[in-house]
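Trainee: I'm new to this one and a bit lost. Could you pick a single part, take a close look at it with me, and then work outwards from there?

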Amino acid sequence: MGSSIILGIFWHFVGAASAACFYAPLKKVKNWSWETMWSIAGLFSWIILPWTISYFLLPDFWAYYGSFGSDILIPVFLFGAMWGVGNIGYGLTMRYLGMSMGIGIAIGITLIVGTLMTPILQGKFGELLASTGGKMTLLGVVVAVIGVAIVTYAGLLKEKTLGVQVEDFNLKKGLLLAIMCGIFSAGMSFAMSAAVPMHEKAAELGVDHLYVALPSYVIIMGGGAIINLGFCICRLCVKKDLSFKKDISVAKALLISNILFAILGGAMWYLQFFFYAWGHANIPTEYGFMSWMLHMSFYVLCGGIVGLALKEWFGTGKKPVRILCIGCLVIIVAANIVGLGMTS
């Protein structure tokens with residue numbers, strides 16, 4: 001396996017680890033509504049960080065974005081908004097199916113859709129099936145989905161053992177939302193593909209190859225920000241039991257603490273795609289669509305590892321933990337199969 005591909009897989013793992021951990025600081029936020037917390041974290045991760053980093057990367061910030069026509073910017077922005085809809089859908093999916101089943105089904109679907117739709121739409125799927133390396137990478141996708149399913153099953157056993165109940169459980173509604181969420185969440189993968197001209201332009205301007213995707217995040221995450229922030233603001237304005245004014249009226253020490261934890265969570269959320277860009281830059285161009293599969297499968301893998309480290313599986317017995325470990329190993333095998341396929 002080439003050293004560049006190994007490095008690409010490694011950076012995707014680092015990004016997924018950041019994604020798996022980003023909610024830990026948000027759990028430290030006290031006496032705030034979820035909407036206020038998500039808005040503050042999102043403002044930092046979707047707007048402030050992408051704009052700031054891109055400003056320092058680009059020789060002329062405004063000239064760079066002004067060099068693209070609507071035929072480039074609009075699709076990138078809309079795919080970002082599509083991904084933003086998927087983000088919001090996660091919460092509703094977990095509400096009706098529970099955390100393990102909701103996340104497992106949604107991630108399984110977004111892994112498949114986000115990975116395979118790009119070569120299908122580009123008319124390159126047949127080429128993949130015709131080559132040994134292509135067949136192996138597709139096998140890796142199948143193995144990754146199996147790994148996600150095994151980890152999901154382990155999570156279901158964990159919830160059952162701990163007596164976790166889903167108060168609003170609704171299989172039909174939950175499955176429909178999970179499918180919708182999985183499809184829309186793949187918008188990030190589509191946005192990255194649509195933003196290739198932006199990456200190429202950044203490279204022409206002298207931006208290091210590891211960072212060429214970062215300026216496109218201003219547009220991609222701008223689309224996601226409008227959906228997420230719009231949703232939160234509407235709820236804060238409409239729901240009588242929610243109040244932004246009340247949330248920011250807490251004691252000064254708590255207010256500062258909440259803001260810092262929200263910013264930290266937002267920074268960790270952004271870092272997942274910062275390192276995603278690094279990983280993507282080291283993946284061969286013809287297999288760029290595999291970046292999404294690596295990111296999402298490693299997200300599940302790291303989520304399991306973090307759960308074990310935080311002792312969330314304590315008291316569940318040996319069987320759920322054993323199945324979780326098997327699922328994590330299957331995902332690791334999937335990543336290796338994909339890596340070998342890229343070098344074939």
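Mentor: Happy to, and we'll start with a word we need: a cavity is a set of grid points where a 1.4 Å probe fits but cannot get out. Rolling a probe the size of a water molecule over the atoms shows where empty space is left. Keep in mind that what you're looking at is a predicted model.

Searching the whole structure with a threshold of 30 Å³ or more turns up 1 cavity. Its volume is about 50 Å³. Which residues line the largest cavity? They are Phe22, Trp38, Ala41, Gly42, Ser45, Trp46, Gly266 and Trp269. Sort that lining by class and you get 5 nonpolar, 3 polar and no charged residues. Two helices, H3 (34–57) and H14, each bring at least two residues to this lining, and H3 gives the most, with 5. That makes H3 a good part for our close look.

Let's go along H3, then. Glutamate 35 sits in this helix, and its partner arginine 235 belongs to helix H12 (residues 217–238), so the two tie together parts that are 200 residues apart in sequence. What joins them is a salt bridge, with the closest N and O atoms 2.5 Å apart. Side chains of opposite charge can pair when their charged atoms come close. The count for the model comes to 1 salt bridge, so this pair is the one to find on your screen. The two partners differ in how much surface they show: glutamate 35 has 6% relative accessibility and counts as buried, while arginine 235, with a relative accessible area of 28%, is partly exposed.

Next on H3 is serine 39. Its relative accessible area is 13%, so serine 39 is buried, the cut-off being under 20%. Setting aside neighbours within four places in sequence, serine 39 is in contact with Leu229 and Cys232.

Cysteine 232 is worth a stop of its own. With a relative accessible area of 0%, it is buried. How many disulfides does the structure hold? The number is 0. Cysteine 232 is in no disulfide, and the nearest cysteine sulfur, from cysteine 234, is 9.4 Å away. Cysteine 325 is in no disulfide either; for that one the nearest cysteine sulfur belongs to cysteine 328, at 6.3 Å. Here the setting is partly exposed, as cysteine 325 has a relative accessible area of 34%.

Now step back along the chain to the loop between helix H2 (23–26) and H3, where you'll find asparagine 31. Its phi is near 60°, a positive value in a residue other than glycine. At 61% relative accessibility, asparagine 31 counts as exposed.

Another asparagine gives a contrast. Asparagine 87 is found in helix H5 (residues 70–97), and its 17% relative accessibility makes it buried. Leaving out neighbours within four places in sequence, its contacts are Ser185, Asn228 and Trp269. You've already met Trp269, one of the residues lining the cavity.

H14 leads us on to an open space, too. Helix H14 (252–281) supplies at least two residues to the lining of the second largest pocket, and so do H6 (99–121), H7 (125–130), H10 (187–194), H11 (196–204) and H15 (290–309). This pocket has a volume of about 750 Å³. Of its 31 lining residues, those nearest the centre are Val196, His280, Thr285, Glu286 and Gly288. By class the lining has 16 nonpolar, 11 polar and 4 charged residues.

Among those helices, have a look at H10. Why is H10 described as largely enclosed by the rest of the structure? Because 6 of its 8 residues are buried. They are Gly187, Met188, Ser189, Phe190, Ala191 and Met192.

One last stop takes us past H15, into the loop between it and helix H16 (318–343), where phenylalanine 314 lies. This residue is exposed, with a relative accessible area of 69%. Phenylalanine 314 and serine 18 are 296 residues apart in sequence, and their C-alpha atoms are 23 Å apart in space.

Notes. Residues are numbered from 1 along each chain as its sequence is written. This is a predicted model: local features need pLDDT of at least 70, side-chain atom pairs count only at pLDDT 80 or more; totals for chains, interfaces and linings use all residues. Side-chain values use heavy atoms; hydrogens and water are left out. On a 1 Å grid over the protein atoms alone, a cavity is a set of points where a 1.4 Å probe fits but cannot get out, and a pocket is an open set with protein on both sides within 12 Å along at least five of seven lines; lining residues have an atom within 4 Å of a point. Grid points are joined across faces, edges and corners, and a volume is the space filled by probe spheres set on the points. Helices (H or I, at least four residues) and strands (E, at least two) are DSSP runs, numbered from the N terminus. Ala, Val, Leu, Ile, Met, Phe, Trp, Tyr, Cys and Pro count as nonpolar, Asp, Glu, Lys and Arg as charged, and the others, Gly among them, as polar. Buried means under 20% relative accessible area, exposed over 50%, partly exposed in between (1.4 Å probe, protein chains only). Contact means heavy atoms within 4.5 Å. A disulfide is a pair of cysteine sulfur atoms within 2.5 Å. A salt bridge is a side-chain nitrogen of Lys or Arg within 4 Å of a carboxyl oxygen of Asp or Glu.
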